[in-house]
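Work through the exercises below with the coordinates open. Each task is followed by a solution in steps.

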Amino acid sequence: QESRLVELPYSSFDDEDDTAEQDPGLWYPDPPKLSPFSHCVRYLAFLWNLLFLLLGLLTLAVGVWGLLAKSPLPGGDRGVPLSSDPMLLFVLAGLGASSVSLAGCLGAFRASPCLLRFFLAALLAFGGLEVLGGLLVLLARRRLRDALRDLLLLCLLRYQEDPDLQFLVDEVQRSLQCCGLESYRDWESNPYFNCSSPGVQVCSVPASCCQDPLENGSVPNAQCGFGVLGLGAALAGAVVHTGGCGVALAVWLRGQAGAIAAGATTLVLLEAVGALLALKVLRDISAVRM
């Protein structure tokens, strides 16, 4: 009776071994565990996307602040259509960047293949749009030049109506030391600066056109360009920059071609690094769940 009690466990083990040999499907190997390197890649992917999430939220906040600053009261008159407001670009760019980066953050943190695939698809779409934009710039340079000219002319016409455009035009004229599109006479197309205007700025140009807006003082003279359009070319040239910004801006863009190409390459590399990190995390998740 005692020997039977000893033999029974051995016989049961033998039966289990025989069953395992007959049916290998009953033996399941342990799933592979993530290596320390895989953990580091996962944390790096999370922090990488968190950085771009913060940048996207900052861009979104700037755009929303710019929109609200023009209409502080509900139902107030904005003066500028929302669809043509430059701040809308900041809002859209911030929304896109923050949404994609949030998907990458959550995908890496929660090990979600669905979010990681969405993140990779969005990066691929952005990369395709960037390549397409670069090809359009190379193939349609003349049309883009004409479009830029029309945009600058629109900025001159709406100079007093949109604070963003006013700031942009002033910065361009001040930094490039130019005035107008082709010449300082282009400001005659603005209804506020036209010589037939009934306002105080009749026959004038913005102060950013002046050669010496400080006029030996410490505070810029906002009226240094008053009455310039009513002067001759020689007298006007002694007060303001008479050359247009169209040629000056084209020369500046050609000089900055290397910096623009370097910036575009850096952006593509950053997106490629994010995509490689997401692919590594997705591959590790698939290996563990097999």
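The exercises concern disulfides, backbone angles, helix packing and nonpolar cores in a predicted model.

**Exercise 1.** Find the disulfide of Cys178 and state which parts of the chain it ties together.

Solution. Step 1: a sulfur pair counts as a disulfide within 2.5 Å. Step 2: the sulfur atoms of Cys178 and Cys245 are 2.0 Å apart, and the two residues form a disulfide. Step 3: Cys178 sits in the loop between H6 and H7, while Cys245 belongs to helix H8 (residues 245-255), so the bond ties together parts 67 residues apart in sequence. Step 4: the angle about the S-S bond is 95°, and the link of Cys178 and Cys245 is right-handed. Step 5: the cut-off for buried is under 20% relative accessible area. Cys178, at 1%, is therefore buried, and Cys245, at 6%, is therefore buried too.

**Exercise 2.** Determine the handedness of the disulfide between Cys210 and Cys224.

Solution. Step 1: the sulfur atoms of Cys210 and Cys224 lie 2.0 Å apart. Step 2: the torsion about their S-S bond is about 105°, so this disulfide is right-handed. Step 3: Cys210 and Cys224 both lie in the loop between H6 and H7, so the pair ties together parts that are 14 residues apart in sequence. Step 4: Cys210 and Cys224 are both buried.

**Exercise 3.** Is Cys203 buried or exposed, and what is its phi?

Solution. Step 1: the relative accessibility of Cys203 is 14%, so Cys203 counts as buried. Step 2: its phi is positive, about 55°, although Cys203 is not a glycine. Step 3: Cys203 is joined by a disulfide to Cys195, with an S to S distance of 1.9 Å. Step 4: Cys195 has a relative accessible area of 37% and is partly exposed.

**Exercise 4.** Describe how helix H3 and helix H4 pack.

Solution. Step 1: the axes of H3 (residues 87-110) and H4 (residues 113-139) are 8 Å apart, at an angle of about 145°. Step 2: the crossing of H3 and H4 is left-handed. Step 3: the contact includes Val100 and Ala103 of H3, and Leu115 and Phe126 of H4. Step 4: by class, 10 residues of the contact are nonpolar, 2 are polar and none is charged.

**Exercise 5.** Which residues touch the most other members of the largest nonpolar core?

Solution. Step 1: this core has 19 residues, and Trp187 and Val205 touch the most other members. Step 2: helix H5 (141-157) and H6 each supply at least two of its residues. Step 3: a second, separate core has 16 residues, among them Ala108 and Leu120.

Note on methods. Residues are numbered from 1 along each chain as its sequence is written. This is a predicted model: local features need pLDDT of at least 70, side-chain atom pairs count only at pLDDT 80 or more; totals for chains, interfaces and linings use all residues. Side-chain values use heavy atoms; hydrogens and water are left out. Buried means under 20% relative accessible area, exposed over 50%, partly exposed in between (1.4 Å probe, protein chains only). A nonpolar core is a set of buried Ala, Val, Leu, Ile, Met, Phe, Trp, Tyr and Cys residues joined through side-chain atoms within 4.5 Å. Helices (H or I, at least four residues) and strands (E, at least two) are DSSP runs, numbered from the N terminus. Axes are lines fitted to C-alpha atoms, for helices over the stretch in contact, and angles run from 0 to 180 degrees between N-to-C directions. A crossing is left-handed if the near helix is turned anticlockwise from the far one by less than a right angle, and right-handed if clockwise. Contact means heavy atoms within 4.5 Å. Ala, Val, Leu, Ile, Met, Phe, Trp, Tyr, Cys and Pro count as nonpolar, Asp, Glu, Lys and Arg as charged, and the others, Gly among them, as polar.
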